[in-house]
Amino acid sequence: MRLEKFGLRLHPDKTRLMEFGRFAEGDRKKRGDGCPKTFDFLGFTHYCCKTRKGRFRLGRKPIAKRMARFVKRMCTKLRQRMHQPVHETGKWLGQVLNGWLNYYAVPGSMLSLQRCYKRLKWVWLRVLRQRSQRDRTTWKQLETLIERYWPKLNIRHDWPTRRFTVTHAGATQGRSRMR
């Protein structure tokens with residue numbers, strides 16, 4: 001086996017063979033097994049889905065546990081920064097969220113990203129309101145801060161099929177390799 005050549009082994013608890021891909025849904029349906037299983041890899045849950053035209057498409061979304069862990073960490077960090085200036089905290093949180101989105105904002109993950117975004121809004125509002133007994137931070141004030149400091153929620157990566165399309169410089173002079 002190729003792995004043994006490098007002194008590596010597959011972990012029996014973390015390795016499994018599963019039916020996945022373009023024909024998995026049809027094959028499983030014929031046998032009466034139901035939908036193809038999902039798997040987690042590199043921070044994403046991968047699943048089989050279809051395009052609007054009914055063709056196979058690989059679906060990816062952030063692992064739910066990772067999103068919950070991210071929100072929980074941000075809650076802890078915001079509590080530590082509770083008495084720092086609000087604008088400084090907003091700027092910091094925007095930078096952290098921007099880095100998180102740079103990795104997780106892939107096509108097909110918008111619903112998960114919106115959920116995470118909404119949870120972070122609630123966490124930040126709760127922390128702002130806990131700064132003092134008299135604090136009356138409103139949603140409108142929070143939205144103003146978010147609009148100023150947080151990155152816009154959008155997909156940052158191309159579809160995988162488009163990303164790997166390579167063009168030759170000689171054939172299409174002046175066009176970029178990636179779009």
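1. Two strands count as paired if DSSP finds at least two bridges between them. With that in hand, the sheet is easy to read: three strands form an open sheet in the order β1-β2-β3, with antiparallel pairing. Its edge strands are β1 (39-41) and β3 (56-62), each of which pairs on one side only. From one strand to the next, the twist averages 40° (axes are lines fitted to C-alpha atoms, for helices over the stretch in contact, and angles run from 0 to 180 degrees between N-to-C directions).

2. A word on the ground rules, before you go further. This is a predicted model, in which local features need pLDDT of at least 70 and side-chain atom pairs count only at pLDDT 80 or more, while totals for chains, interfaces and linings use all residues. Residues are numbered from 1 along each chain as its sequence is written, and side-chain values use heavy atoms, leaving out hydrogens and water.

3. Back to the strands: β2 (residues 44-50) and β3 pair in the antiparallel sense over seven bridges. If you want a place to start looking, Thr45 stands opposite Lys61 in β3.

4. Overall, the protein has seven helices and three strands, which are DSSP runs numbered from the N terminus (helices H or I, at least four residues; strands E, at least two). The order from the N terminus is α-α-β-β-β-α-α-α-α-α.

5. Helix α6 (residues 139-149) deserves a look. Its Leu142, Leu145, Ile146 and Tyr149 are buried (under 20% relative accessible area; exposed is over 50%, partly exposed in between, with a 1.4 Å probe and protein chains only). Seen down the axis of α6, the buried residues fall within an arc of 100°, so they line one face of the helix; the arc is that of the directions from the helix axis to the C-beta atoms. An α-helix has 3.6 residues a turn, so residues three or four places apart point the same way. The buried residues of α6 pack against α4 (86-104) and α5 (110-129), whereas Lys140, Thr144, Glu147 and Arg148 on the other side of α6 are exposed.

6. On cysteines, a disulfide is taken as a pair of cysteine sulfur atoms within 2.5 Å, and the count by this rule comes to zero. For Cys48, the closest cysteine sulfur is that of Cys49, 7.8 Å away and so too far for a bond. Cys116 is buried, with a relative accessible area of 1%.

7. Finally, the whole chain: of the 179 residues of the protein, 30% count as buried.

Methods. Contact = heavy atoms within 4.5 Å.
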